[in-house]
Amino acid sequence: MAQDATVPKLDFEYWLDKAIKWGQATTLESQKDVCLHLPQLQEFLHQVYETLKHLDPIVAIQQFPLIGQLLGRLCWNPFVIGYDESQKTLMWCLCCLYSSEPQNPVALKANSWIRSLLCHLLSSSKWESNEAETSTFISTLGYTSADYYYHLVKNTIFSLVAEFRGNQFNGLNTQGRVSDSRVNAVSLFCLPLITLPDLTPLLETLLLYQGGASKEILSSEFLEAVNDAFLKKKISLPESAVFSLWLRHLPSLEKATLHLLDQLASIQLNSLEEVACVIKDSLLPQAASHPAIFRIVNEIFKNALLETAGTPEVMTIIQVFTQLFLQAHQNENKEHKFPLKSYFPYHHQPLVTALLRCPFELPTTHWPQHLKHISDILKELVEDTNITSLADLFEIWFLVAHFGEWLDIAAEQLLKAAVEPDALLWLLAFYYCPQNENQQRTQTMVEAQAVYNHLMMLFRCTVLSVKDLEAVVHSITDVEKCCNQHLITHLLTNFLLFSSGGHMIAQELICYVTEATDTSKEVCSLLIRTAYRINHSGEENQRTVKLLNELLQKLTFRV
């Protein structure tokens, strides 16, 4: 059944018709058409190989009678065999058709034909010349064939780079300008060679090239192919070229952002440093210094958050991305730096300004005051204005969620510093329960206040038992009575990490609570963020760091 399901996808007639029309790609039109179809052709050949490797050669030829004509024609098309891994895939397909024990003259003839094609492909890969005159000329110059073609390609690339870069400085002197159609044609002809290291200067020049037309002059196939090669790390490009690519071609930026999310979702990350390293390596935070790129990436993150119902992993990615973006913005040359309001143009600017303040730019003694300032602005914005739309409320919440570090600090400061608890508890209650329909947020505040008061009575106790925290644990696990178990779990986790006697019972309680409430991932994210903040704040608290590592090992194993 599996084989039958794959057959309709292998459209041999379509590709054979194409191969016949292309011939050996000797005309300009056929060359352009080949270049446009190379990525799809390579994918088709890969599907053919995946099918052939499970079939006997005789069965394969019977099932796909056009396969010999198609492979034979493609093997003589220089554009096809020069593109990425197509040559290798063609060889694999031919090897699948080779009979190890030919039983009749037809099989023997097929084997002979396959051997000749393989020899042709192998010789093509060495840039060999078939013309005696050319070989003699190259030898006279003191070059081997490989050297000659290598230098020929380099000189051609150098010539095109000089031509296009020179064209950029012609200004209004249209006589010396390169036509947009020529630039477009060159971008098409780059398709088979994109992963060639020597082509990088030309790729960079094309990506940074600004023509006279209002519409995009580089082919979309070229932009897509460059982006794919970059994401798969088949090529390396300067940052400026990558940023220009994403500004020129929105689908490439969207694909790069989704690729980052997929990449982070597919690997086990045990520290915020690892998350930050992967995100920074994507170049997206640096590219987001351009407001247009930032807003598009931000919109994709927002959709990912909505689609995953606000999972802790996506929240952490958004928060780390925001921190890295702010670092990149701070390092920008002042002449090219956009004002920060350009990135959040539709939000309440006093709130944006307050949230954008980096915690470690302030003395820790000023944190409670700044958090109260954030809470007061937010409360006034949410409760004292006519925000009737859930979409507007979500936008405010999403803005606050970008700066989750301030929320984590608020939860810590409630326990570690002399603060006015109401403002900080309200800030946390809004984050965990932004809607106040049916007085949900008000009820959350009442529960959080009661738990907070109970925890503060125990905070200085050097010896604690599980029974001392029985009421708090019960309020979390009793879902019917608990309006927001996530906020109370956050407070309890911080209490166990930072109180005098919490270390002794932390593992037992946290493992019990996360198992009972299915919040392992959420608590894991909180612990990872806390470890990162302690490591970067200079706090010397070896006991807490050790406990964090032990808890992370247990919870990561369970997740």
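This passage looks at the overall make-up of the protein and then at two pairs of helices that touch.

The model is a predicted one. As far as secondary structure goes, the protein comes out at 30 helices and 0 strands. It has 559 residues, and 47% of them count as buried. The accessible surface adds up to about 28,400 Å², with carbon and sulfur atoms accounting for 54% of that area. Contacts also reach across the chain: if we take those between residues at least 6 apart in sequence, 70% join residues at least 24 apart.

The first pair to look at is helix α15 (residues 250–265) with helix α16 (residues 272–281), whose axes lie 10 Å apart at an angle of about 155 degrees. Anything over 145 degrees counts as roughly antiparallel, so that is the label for α15 and α16. The crossing of α15 past α16 is right-handed. On the α15 side, the residues involved are Leu260, Gln263 and Leu264, and they meet Val275, Val278 and Ile279 of α16. Sorted by type, the residues in this contact are 5 nonpolar and 1 polar, with no charged ones.

Next come helix α19 (residues 312–331) and helix α22 (residues 390–402), with axes that come within 8 Å and cross at roughly 65 degrees. These two helices are therefore roughly perpendicular to each other. From α19, Met315, Ile318, Gln319 and Thr322 take part in the contact, while α22 brings in Trp397, Phe398, Ala401 and His402. Here the split is 5 nonpolar and 3 polar residues, and again no charged ones turn up.

How values were computed:
Residues are numbered from 1 along each chain as its sequence is written. This is a predicted model: local features need pLDDT of at least 70, side-chain atom pairs count only at pLDDT 80 or more; totals for chains, interfaces and linings use all residues. Side-chain values use heavy atoms; hydrogens and water are left out. Axes are lines fitted to C-alpha atoms, for helices over the stretch in contact, and angles run from 0 to 180 degrees between N-to-C directions. Helices (H or I, at least four residues) and strands (E, at least two) are DSSP runs, numbered from the N terminus. Angles under 35 degrees count as roughly parallel, over 145 as roughly antiparallel, 65 to 115 as roughly perpendicular and the rest as oblique. A crossing is left-handed if the near helix is turned anticlockwise from the far one by less than a right angle, and right-handed if clockwise. Contact means heavy atoms within 4.5 Å. Ala, Val, Leu, Ile, Met, Phe, Trp, Tyr, Cys and Pro count as nonpolar, Asp, Glu, Lys and Arg as charged, and the others, Gly among them, as polar. Buried means under 20% relative accessible area, exposed over 50%, partly exposed in between (1.4 Å probe, protein chains only). Accessible areas come from the Shrake-Rupley method with a 1.4 Å probe; for residues, only the protein chains shown count as cover.
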